[in-house]
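Visitor: I'd like a close look at a single part of this molecule. Could you pick one residue and walk me through its surroundings?

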Amino acid sequence: MKKIGSLSELKQRKSLKFPIKQGKWESEGFLIWFEGKPYAYKNECQHLHVTLDMDDNDFFAIDGTLLCCKTHGALYQADTGYCVGGPCAGETLKKLKIEMKGDAIYLAE
Ligand code: FES
């Protein structure tokens with residue numbers, strides 16, 4: 001398992017990005033702290049193959065409860081990744097399994 005962050009830092013910053021390596025392919029994931037729990041998703045919009053945050057590590061919409069893709073404004077539920085509005089409504093972000101040991105957060109897959 002690979003360590004991708006710490007709970008203390010995630011609680012403070014609300015979101016953290018981390019690299020994902022699959023063979024020679026590299027992509028990116030992100031952790032969010034939402035309603036007292038951590039969640040992890042692949043950082044890829046379900047409309048086009050672009051990151052949600054445009055590199056500024058800011059994933060939440062203004063209301064603070066939905067995740068937002070900054071390219072065309074798709075809105076995703078923070079706890080499920082389900083897209084509730086925008087050009088990819090009905091699609092779902094790829095959720096990543098995580099495990100916690102103490103303060104450390106690990107990618108489980
Ligand atoms: S690329 Fe995300 S909404 Fe279009």
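Guide: Happy to; what follows is a tour around one lysine and the strands on either side of that stretch of chain. Please keep in mind that this is a predicted model.

Let's start with Lys97, which sits in the loop between β7 (83–85) and β8 (98–101). Is Lys97 buried or exposed? Lys97 has 10 other C-beta atoms within 10 Å, and the cut-off for an exposed residue is 12 or fewer, so Lys97 counts as exposed. Setting aside neighbours within four places in sequence, Lys97 is in contact with Ala108 and Glu109. There is also Lys42, 55 residues apart from Lys97 along the chain, with 10 Å separating the two C-alpha atoms.

Lys42 leads us to β4 (residues 37–42), which runs antiparallel to β3 (residues 25–34) and is joined to β3 by six bridges. Within this pairing, Ile32 stands opposite Tyr39 in β4. The two strands make a hairpin with two residues between them, and Glu35 in the turn has a positive phi of about 50°.

Back to β8: this strand belongs to an open sheet of three strands, ordered β1-β9-β8 with antiparallel pairing. β1 (2–6) and β8 stand at the edges with a single partner strand each, so one side of each has no neighbour in the sheet. From one strand to the next, the twist averages 35°. The antiparallel β8 and β9 (residues 104–107) are joined by four bridges, and Lys101 stands opposite Ala104 in β9.

Definitions and conventions: Residues are numbered from 1 along each chain as its sequence is written. This is a predicted model: local features need pLDDT of at least 70, side-chain atom pairs count only at pLDDT 80 or more; totals for chains, interfaces and linings use all residues. Two strands pair if DSSP finds at least two bridges between them. A residue is buried if 20 or more other C-beta atoms lie within 10 Å of its own, exposed if 12 or fewer, and partly exposed in between; C-beta atoms are placed from the backbone. Two residues are in contact if their C-beta atoms, placed from the backbone, lie within 7 Å. Axes are lines fitted to C-alpha atoms, for helices over the stretch in contact, and angles run from 0 to 180 degrees between N-to-C directions.
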